[in-house]
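Let's take a walk through the aromatic side chains of this one. Have the viewer ready and keep the rings switched on.

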Amino acid sequence: MSEQKNYDDIVKALEEKYAKIDQDTDDHLYGLLYSKPITYWDYIQTDALLNLQIQRTTLPDEMVFIGYHQINELLFKMILWEIAQVAEKEDLDVTFFETKLMRISRYFDMLSTSFNIMREGMDVEQYMKFRYTLTPASGFQSAQYRLIEFASTELINLIDYRFRKDIDRETPFNHAFEHLYWQAAGKDHKTGKKSVLLVNFEKRYKDEFLRFMETYNTKNLWTRFKELPEKDQKSKTLIKAMRHYDYTVNVSWVMAHYNAAKHYIDSGIGDGEATGGSNWKKYMHPKYQKRIFFPELWSKEEVENWGNNL
């Protein structure tokens, strides 16, 4: 009887599910007669995934470089997936917020520690050869990473510190975009002319960025935090999670990236320049831009000394 009851419950639940979308349950059940059983490789799309690593050279270690960066982008997608759940949550509470933040931080912890794969996993001479075939492309052009930044904090915290006094919530997004901290890495410091690196990046993503900036202007992680009841904003565990996320993204991960780049670019082989032509040291090192998502959660001293001891 219990099996029959369970079957009836399942059928009833299916009928309710399809009725909500004006569908005939029998049609969907009939379709199951002709559907193929799922396999791991079909579900994960293994063949498609493993055919996305296309080398531009014959140097074997280029495969490490490509595969590693593709893994990064997959992790960025997972991070954005978690942030979106916080952004869209109607009845947001401390437990949900903290759980999602720690998930995101674990992804960035993984990203930080995995840079050894890059730093120790490629032959320096091979890298310094195949990297020139990437010009003018650069990791600077990771759109998902920019989306993570926009979704994490108030836009003012991503503005080049030299222009922050002239930008506020009333500033048009297009104007604010031109003064984001990473713009400086793609411009000639003397003429202000944008590099091919930046021009290509904006041509592909600027419209998407502007829409995303506007959307997350009212539901980024910091804005959602400030919407919590005052007592919840004082939660020690939540504040700890916020600080951990902030430091992991803007110091630990950035420095792991910086040190991996330094290992190769400053190896003495080549011209010491980034493939996209950016001033990579000042762009990447946290002590210069002081990228901080939640500055209100850090002391004045901590903010002033951000990245100075690294």
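Start with a charge and a ring: the charged end of Arg-146 sits over the ring of Phe-140, 5.0 Å from its centre. Arg-243 does a similar thing with Trp-298, its charged end lying over that ring at 3.8 Å from the centre. Keep in mind that you're looking at a predicted model.

Now for rings against rings. The structure holds 33 aromatic pairs. To describe such a pair, you give the distance of the centres and the angle of the planes. Take Phe-115 and Trp-253: their ring centres are 6.1 Å apart and the planes meet at 50°, so this pair counts as tilted. It also ties together distant parts of the chain, since Phe-115 belongs to helix H7 (residues 115–121) and Trp-253 to helix H14 (residues 236–265), with the two positions 138 residues apart. Both Phe-115 and Trp-253 are buried.

Trp-253 has another partner in Tyr-145. Here the centres are 4.9 Å apart with the planes at 35°, and because stacked would need planes under 30 degrees apart, this pair is tilted. Again distant parts of the chain are linked: Tyr-145 is in helix H9 (residues 143–152) and Trp-253 in helix H14, 108 residues apart.

How buried are these two? Tyr-145 has a relative accessible area of 7% and Trp-253 one of 6%; buried means under 20%, so both qualify.

Zoom out a little, and Phe-115, Tyr-145 and Trp-253 turn up in one aromatic cluster, whose members also include Tyr-68, Phe-76, Trp-222, Tyr-245 and Phe-294.

Methods. Residues numbered from 1 in each chain as written. Predicted model: local features only at pLDDT ≥ 70, side-chain atom pairs only at ≥ 80, totals over all residues. Heavy atoms only, no water. Phe/Tyr/Trp six-rings, centres within 6.5 Å; stacked < 30°, edge-to-face > 60°. Helix = DSSP H or I, 4+ residues; strand = E, 2+ residues; numbered from the N terminus. Buried < 20%, exposed > 50% of the residue type's maximum accessible area, 1.4 Å probe, protein only. Lys NZ or Arg CZ within 6 Å of the ring centre and 35° of its normal.
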